[in-house]
Amino acid sequence: MNVLAVNAVDVPGEPELRLLDALQRLRGHGWEPTISTPGDRPPPGADLPWLHLDVGGLEQGEGARAVASWPRALRLAQRFDVVYLNSTVCGRLLPALRGTHAVLHVHVLVDRVPRHWHQAAVVLADGPEIAERLDGLPARIVAPPASDDPAARDEYARALGALIAPG
């Protein structure tokens, strides 16, 4: 399975580190992950193929950078079986990803659900509280591993892979 994991930040926080770990583990099960960040180099310690893709930041007007990336996002997406959008900020790319298997992972409570989020083939939520706030989106809950135990991290990676695989 060929997956592009789109991240909104260059310096990984908890969701990005969790995803990087899961992708490394999935690579051992035949997955071919590639990551993207908005910067000019891969995140520190990321031992995966990397691409540049800007999704804009959190400030007012930053979404314009994502819109400018739509043509590149679609060209890249067409090379992958799965496009995994690792945050609500990355969800800005969904209008460009029609016809692809796009996964939106929501890690935080949201106050509103943009109409274009409904274009995601799969929506993931880090917990039931987050899923409840997604106003009718059929979110699948994928709970982060409760510990740093390798078995728990393996189980999380397997569950994530099963949820995002097409078909």
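Reader: In this predicted model, what makes Leu85 the bridge partner of Val6 in S4?

Author: Strands count as paired if at least two bridges are found between them. S1 and S4 are joined by 4 bridges in the parallel sense, and Val6 stands with Leu85 in one such bridge partnership.

Reader: How do you know that S1 and S2 pair?

Author: The requirement is again at least two bridges. S1 and strand S2 (residues 32-37) have 5 bridges and run parallel, so they meet the definition of a pair. Leu4 stands opposite Thr34 in S2. The chain passes from S1 through H1 to S2 in a right-handed β-α-β crossover.

Reader: Why is S1 called largely enclosed by the rest of the structure?

Author: A residue is buried when its relative accessible area is under 20%. In S1, 4 of the 5 residues are buried, and therefore the strand is largely enclosed.

Reader: Which residues does Leu85 touch, and what does contact require?

Author: Contact requires heavy atoms within 4.5 Å. Leaving aside residues up to four places away in sequence, Leu85 touches Val6, Cys90, Gly91, Leu93, Leu94, Leu97, Val103, Leu104 and His105. Both Val6 and Leu85 are among the residues with the most contacts inside the largest nonpolar core, which has 31 residues.

Reader: How do you know that the buried residues of H4 lie on the same side?

Author: The buried residues are Tyr156, Ala157, Leu160, Gly161, Leu163 and Ile164. They cover an arc of only 165° around the axis, and therefore lie on the same side of H4. They pack against several elements, including strand S1 (2-6) and helix H1 (14-27).

Technical notes. Residues numbered from 1 in each chain as written. Predicted model: local features only at pLDDT ≥ 70, side-chain atom pairs only at ≥ 80, totals over all residues. Heavy atoms only, no water. Buried < 20%, exposed > 50% of the residue type's maximum accessible area, 1.4 Å probe, protein only. Helix = DSSP H or I, 4+ residues; strand = E, 2+ residues; numbered from the N terminus. Arc of directions from axis to C-beta. Core = buried A, V, L, I, M, F, W, Y, C linked by side-chain atoms within 4.5 Å. Right-handed = clockwise from strand over helix to strand, strands pointing away.
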